[in-house]
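Here is a short tour of the model for you, going from the whole chain down to single residues. Have the viewer open as you read.

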Amino acid sequence: MASPLPDPSLSPLRTVAVVGLGTMGTGIAEVLARAGRTVIGIDISEAQAVRAVAALEASTARAVERGRLTGEERAQALARVRTGTDPRAAADADLVIEVAPESYEVKRQIFRELDRIVRPTAILATGTNALSVTRLAADSAHPERVLGLHFFNPAPAMKLVEVVSSVLTAPAAVTAVTDLALDLGKEPVAVGDRPGFVADGLLFGYLNQAAAMYEARYASREDIDAAMRLGCGLPMGPLALLDLIGIDTARTVLEAMYAASHDRLHAPAPILRQLSEAGLTGRKAGRGFYTYQEPGSAVVVPDALTPRADAGAVPGRPVRAVGVAGSGTMASGIAEVFAKAGYEVVLAARSEQKAQAARARIGASLARSVDKGRLTAEAAARALERITPTGTYEDFAEVDLAVEAVAEDLAVKRHLFAALDKVCKPGAVLATTTSSLPVVACARATSRPRDVIGMHFFNPAPAMKLVEVVRTVLTSDEAHATVREVCGQLRKHAVDCGDRAGFIVNALLFPYLNNAVKMVQEHYASLDDIDAAMKLGGGYPMGPFELLDVVGLDVSLAIEKVLHREFRDPGLAPAPLLEHLVAAGCLGRKTGRGFREYARR
């Protein structure tokens with residue numbers, strides 16, 4: 001016989017027990033106490049219970065200092081919390097939230113004990129993000145009252161809460177817990193029971209790929225992290241985030257995800273096992289991908305892997321004049337960046353008219369910068385004067401660096417590089433801004449492959465700080481040094497990577513976007529819930545479907561196809577839903593409809 005669950009309209013879940021007083025459990029206790037709930041904190045370690053109280057006192061004191069709590073509110077919140085080691089203290093709880101280590105055996109034992117202690121109307125919630133809620137519920141005497149309640153760290157600051165129901169969970173329990181999350185000032189997202197749920201299900205695949213990229217020595221840890229922060233606007237790079245989460249925790253989550261999906265993208269990168277088994281689990285151990293000042297510290301200190309500023313320094317060639325080939329948005333933005341940095345710029349397009357139109361677009365962009373106070377009128381005028389529009393590449397004869405930003409078509413780019421090879425003087429560096437095509441194929445269209453390199457700017461080029469500097473196996477150290485020095489003059493952050501599909505950013509970003517599409521395709525979660533989960537739970541500036549519609553579904557599909565073709569991994573195959581939308585002409589904001597519909601301008 002099913003246990004009688006509370007009527008959510010009558011029971012606001014006033015008394016809540018939190019079992020497990022580590023960082024997450026303590027944060028959840030603080031959230032509950034500050035929202036007026038009576039909190040019973042339980043941990044098997046008396047010392048940990050004492051540390052939890054000290055952490056609550058310190059955290060709420062900081063909240064007072066920052067004006068987020070009054071002294072009286074702090075005192076009242078702390079008075080609502082009592083801690084101990086006896087599970088029987090949960091007898092009066094309306095809700096019990098278990099936040100114990102990610103082990104079925106540990107959690108199963110806790111739930112069995114709670115079954116004997118709590119009232120029939122009490123709801124039991126697990127804070128797991130890796131283990132099956134259904135399996136835990138099935139082992140309970142009353143599976144209908146068991147669900148998942150996944151907070152994000154740090155719980156007081158993060159708005160997202162995933163409410164996870166199994167096929168056994170009673171709707172009344174889901175409603176009661178959802179109402180509680182709203183009352184706590186959180187944004188609840190309803191999800192089904194599968195490892196990682198929404199946010200971590202997308203996040204950990206991306207983190208795993210970043211770890212594998214580093215393990216393959218494709219790019220340095222610093223460049224991988226900088227690329228994702230500056231190229232995608234993320235609050236932390238993936239390797240730094242793995243250190244914060246705990247490399248052992250990440251490995252556990254990925255093992256559970258792989259067991260459910262058998263997707264190679266979820267198979268933990270071997271380096272995660274190596275670091276975990278060596279005890280190098282991240283910040284908490286004082287060392288993981290990075291080395292920290294001490295265990296628990298957030299301060300990174302130099303170690304043997306930290307790049308030296310003078311390591312392998314080769315002087316670059318002097319660059320005074322730059323040629324930019326193209327007349328589209330990217331070409332215009334790149335020309336503006338060079339002109340503002342003091343370079344003489346030759347802007348070449350297929351016709352004089354197109355080049356003049358591109359220069360006019362740059363003038364309008366510079367005027368907006370003046371209006372916003374980012375540039376003086378005099379500086380804007382000087383920058384525009386440095387740009388010479390032309391309808392012929394013959395005018396690149398004296399440039400020291402030529403940057404192509406034409407259509408993302410290999411045949412078009414190879415034809416252009418063959419032309420630049422004939423026009424540009426000896427010693428000029430030739431750069432492609434491709435985001436997905438092989439740079440070496442452009443290089444082989446010339447008689448000077450040692451002078452050819454990738455220089456991948458991000459859109460909009462004047463605003464985005466990142467440039468991926470892509471060396472081929474033929475690129476000379478001198479050409480590489482030249483482009484690195486130019487990036488410094490442009491005040492851009494250069495990251496080094498090899499010549500393979502996607503480079504750093506797209507190789508990590510687009511599989512994540514593709515997996516989000518698969519979630520919708522499988523009816524696991526809605527567009528809105530997935531976007532909310534990644535913004536609120538992952539700190540992403542845009543949700544995946546917002547971003548896909550901005551980038552363009554056709555562009556995204558093309559990049560997915562390139563990645564799949566390069567790496568031959570079935571997990572990288574474009575989601576059929578993405579292909580169907582592109583075939584239907586639903587390309588995103590530019591067509592008025594993609595994953596969402598937009599008002600026509």
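### A look at the whole chain and some of its residues

Buried residues make up 52% of the 601 residues in the protein chain, where buried means under 20% relative accessible area, exposed over 50% and partly exposed in between, with a 1.4 Å probe and protein chains only. Keep in mind that this is a predicted model, in which local features need pLDDT of at least 70, side-chain atom pairs count only at pLDDT 80 or more, and totals for chains, interfaces and linings use all residues. Residues are numbered from 1 along each chain as its sequence is written, and side-chain values use heavy atoms, with hydrogens and water left out.

The protein chain holds 22 helices and 18 strands; these are DSSP runs numbered from the N terminus, helices being H or I with at least four residues and strands E with at least two. Its radius of gyration is 28 Å, close to the 25 Å that the globule rule gives for 601 residues, so the chain is as compact as a globular protein of that length. That radius is taken over C-alpha atoms, and the rule is 2.2 Å times the number of residues to the power 0.38. Along the principal axes, the C-alpha trace spans about 85 × 50 × 45 Å. Of the contacts with a separation of 6 or more, 70% are between residues 24 or more positions apart, a contact being heavy atoms within 4.5 Å.

Let's move to the secondary structure. Strand β12 (residues 344–348) has 4 of its 5 residues buried, so the rest of the structure largely encloses it. Strand β11 (residues 321–325) pairs with β12 in the parallel sense over 5 bridges, pairing being called when DSSP finds at least two bridges between two strands. One such bridge links alanine 321 to glutamate 344 in β12.

Helix α9 (residues 238–245) is mostly covered, with 6 of its 8 residues buried. The cover over those buried residues includes α7 (199–215), α8, α10 (247–261), α11 (270–277) and β9 (291–292). After α9 comes glycine 246, with a positive phi near 110 degrees.

Which residues does cysteine 232 touch, leaving aside its neighbours within four places in sequence? They are Ala227, Val505, Leu509 and Pro541. Cysteine 232 sits in helix α8 (residues 221–232) and is buried, at 18% relative accessible area. Leucine 578, in helix α22 (residues 576–583), is also buried, at 2% relative accessibility. Its C-alpha is 6.9 Å from that of leucine 557, 21 residues away along the chain. With the same neighbours left aside, the contacts of leucine 578 include Asn514, Val517 and Phe595.

Now for some backbone angles. Most residues other than glycine have a negative phi, and most peptide bonds are trans. The table gathers residues that depart from this.

| Residue | Backbone feature | Place |
|---|---|---|
| Proline 154 | cis bond with asparagine 153, omega about -5 degrees | loop between β6 (146–151) and β7 (160–164) |
| Proline 460 | cis bond with asparagine 459, omega about 0 degrees | loop between β16 (452–457) and β17 (466–471) |
| Histidine 262 | positive phi of about 55 degrees | loop between α10 and α11 |
| Phenylalanine 503 | positive phi of about 50 degrees | loop between β18 (493–498) and α18 (505–521) |

Is histidine 262 buried or exposed? Histidine 262 counts as exposed, at 57% relative accessibility, whereas phenylalanine 503 is buried, with a relative accessible area of 1%.
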